[in-house]
Amino acid sequence: MSKTWLIIQREYITRVRNKTFLLSTFLLPLVIVLFIAGTIFISAKGSSGKCLVAFNDETGVFKNKLKNKADQSVTFIYTSDTAFDALLNKEYDAYIHVKDLQKKSPGTISIEVKKQISTEAEDYIRNQMNLVLENKMLQENFQLPLTALDSMRNSAKNIDLIQSKDEGKGKQQIYSGLTSAIGFFCGILIYITMLIYGTQVMRGVMEEKTNRIAEVIVSSVKPFQLMMGKIIGIGAVGLTQFLLWVILVAGIFSVAQIFIPHDIMLQVQQLQSNPGIQSNSAMQISEAAKNIAEAKDALNSINWPLILGCFLFFFLGGYLFYSSLFAAVGSVINEDPQEAQSLILPITMPIIFGFIIMTQAAQNPNTSLAFWGSMIPFTSPIVMMGRIPAPGAVPWWELGLSMLLLVSGFLITTWLAAKIYHTGILMYGKKGSWKEMFKWAFRRS
């Protein structure tokens with residue numbers, strides 16, 4: 001055990017002192033903040049595009065009834081000009097010419113464009129035209145005035161649907177968008193770390209083998225001790241990096257609160273102490289304070305201890321499960337890069353497949369695909385983290401069974417990988433193959 005501990009220490013200290021480790025550790029939280037800021041900026045920038053639509057309506061059904069978009073990103077200009085080429089060469093972005101309409105089925109209406117307009121603008125134009133047609137049919141069939149139709153539609157939009165769940169301490173609101181985003185983020189973080197650190201284990205084994213250092217080391221320790229020392233040492237590096245990320249991200253968000261004006265923070269405290277104050281216009285609660293209070297409520301509704309605890313378990317379980325396989329593959333590879341690519345492909349494919357399932361599981365955590373993906377050890381570390389943030393989606397028995405299967409899978413893969421590693425680490429001059437590896441793994445010792 002002392003020899004294994006020495007190998008763990010060597011792997012850990014060597015990699016923690018590496019400049020790449022320091023840069024990735026301290027730059028990633030900054031990249032996350034820039035990513036969030038960039039996403040918000042791009043969304044705001046994208047919604048500010050203008051689309052000026054020339055509308056020629058010979059039927060008279062749509063004339064002066066299509067409403068411009070509130071932010072002026074879509075504006076209708078009525079015209080009787082049919083020379084759409086000339087119009088599009090001027091200031092217009094699109095041209096619609098309605099010659100006639102069939103009474104029951106208006107069919108397809110063509111829209112001529114100077115260049116492709118955004119999907120958002122296209123949807124808005126389609127919805128406006130459908131709304132005018134719907135009003136026309138209702139007026140003709142039920143003799144209802146347009147003001148009555150608008151009044152009924154506005155009344156029907158007053159429902160604000162929220163999900164809630166009784167967690168034993170009263171009903172708790174569920175923010176489904178936030179839980180899906182957290183599940184996706186946790187899943188993709190495990191996906192990336194498993195690939196990065198698993199590949200590091202494989203490259204570390206390959207370097208020691210090609211430099212003949214392994215021959216010297218295995219003269220003092222057993223091959224299994226060498227493999228486990230390397231896996232645990234690199235895994236400890238990953239765990240250290242993850243804990244530093246949590247501390248740095250929490251620190252950045254704490255510092256960011258300092259820059260929020262004091263009066264807005266007071267309003268936020270008032271809103272959190274008395275939620276009903278939002279309906280009292282006399283309190284002059286700003287929109288920014290409402291948004292911050294809502295964001296805090298959403299973050300407080302998340303079961304962070306469960307998510308962080310499960311993340312640590314599935315990160316370590318998934319890493320140990322796959323890193324032993326990466327170590328086994330690294331032990332049979334010589335210096336041929338093509339040989340390495342062909343051998344690691346069967347290992348990386350389940351990881352990629354798990355990522356694909358996770359993207360669906362984060363949005364629909366109760367499907368059969370999400371269940372089985374979170375049970376099978378090859379995909380469970382990634383898929384289960386996509387489901388856990390959703391309240392009530394993962395019963396305790398499912399979580400326990402998934403953990404048990406992952407631990408069992410880790411023990412089996414480590415046993416098989418150790419047998420491959422034992423033979424492969426001292427094999428030179430012979431090209432490794434999966435056939436040979438299976439033979440070594442199941443050979444009686």
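Lys and Arg are counted here as positive and Asp and Glu as negative, with His and the chain ends left out. On that basis, the chain of this predicted model carries 39 positive and 31 negative charges, and the mean positions of the two sets lie 11 Å apart.

A look at the overall form helps with orientation. The chain contains 16 helices and 6 strands. Its C-alpha trace extends over about 95 × 55 × 40 Å along the principal axes. The radius of gyration is 30 Å, whereas a compact globule of 445 residues would have a value near 22 Å. Of the 445 residues, 38% count as buried, and the accessible surface comes to about 26,100 Å², with 62% of that area belonging to carbon and sulfur atoms. Among contacts with a separation of 6 or more, 71% are made by residues 24 or more positions apart.

The aromatic rings offer a closer view, with a count of 14 aromatic pairs. One of these joins Y322 and F378 edge-to-face, at 6.4 Å centre to centre and 70° between the planes. This pair links distant parts of the chain, as Y322 sits in helix α11 and F378 in the loop between α13 and α14, 56 residues apart. Y322 counts as buried because its relative accessibility is 1%, while F378, at 38%, counts as partly exposed.

A tilted pair is formed by F371 and W397, at 6.2 Å centre to centre and 55° between the planes. Here helix α13, which holds F371, is linked to helix α15, which holds W397, across 26 residues. W397 is exposed, with a relative accessible area of 53%. Elsewhere, ring pairs gather F55, F62, F76 and Y78 into a cluster.

Terms used:
Residues numbered from 1 in each chain as written. Predicted model: local features only at pLDDT ≥ 70, side-chain atom pairs only at ≥ 80, totals over all residues. Heavy atoms only, no water. Phe/Tyr/Trp six-rings, centres within 6.5 Å; stacked < 30°, edge-to-face > 60°. Helix = DSSP H or I, 4+ residues; strand = E, 2+ residues; numbered from the N terminus. Buried < 20%, exposed > 50% of the residue type's maximum accessible area, 1.4 Å probe, protein only. Rg over C-alpha atoms; globule rule 2.2 N^0.38 Å. Contact = heavy atoms within 4.5 Å. Areas by Shrake-Rupley, 256 points an atom, 1.4 Å probe, with all protein chains shown as cover. Charge placed at Lys NZ, Arg CZ, Asp CG, Glu CD.
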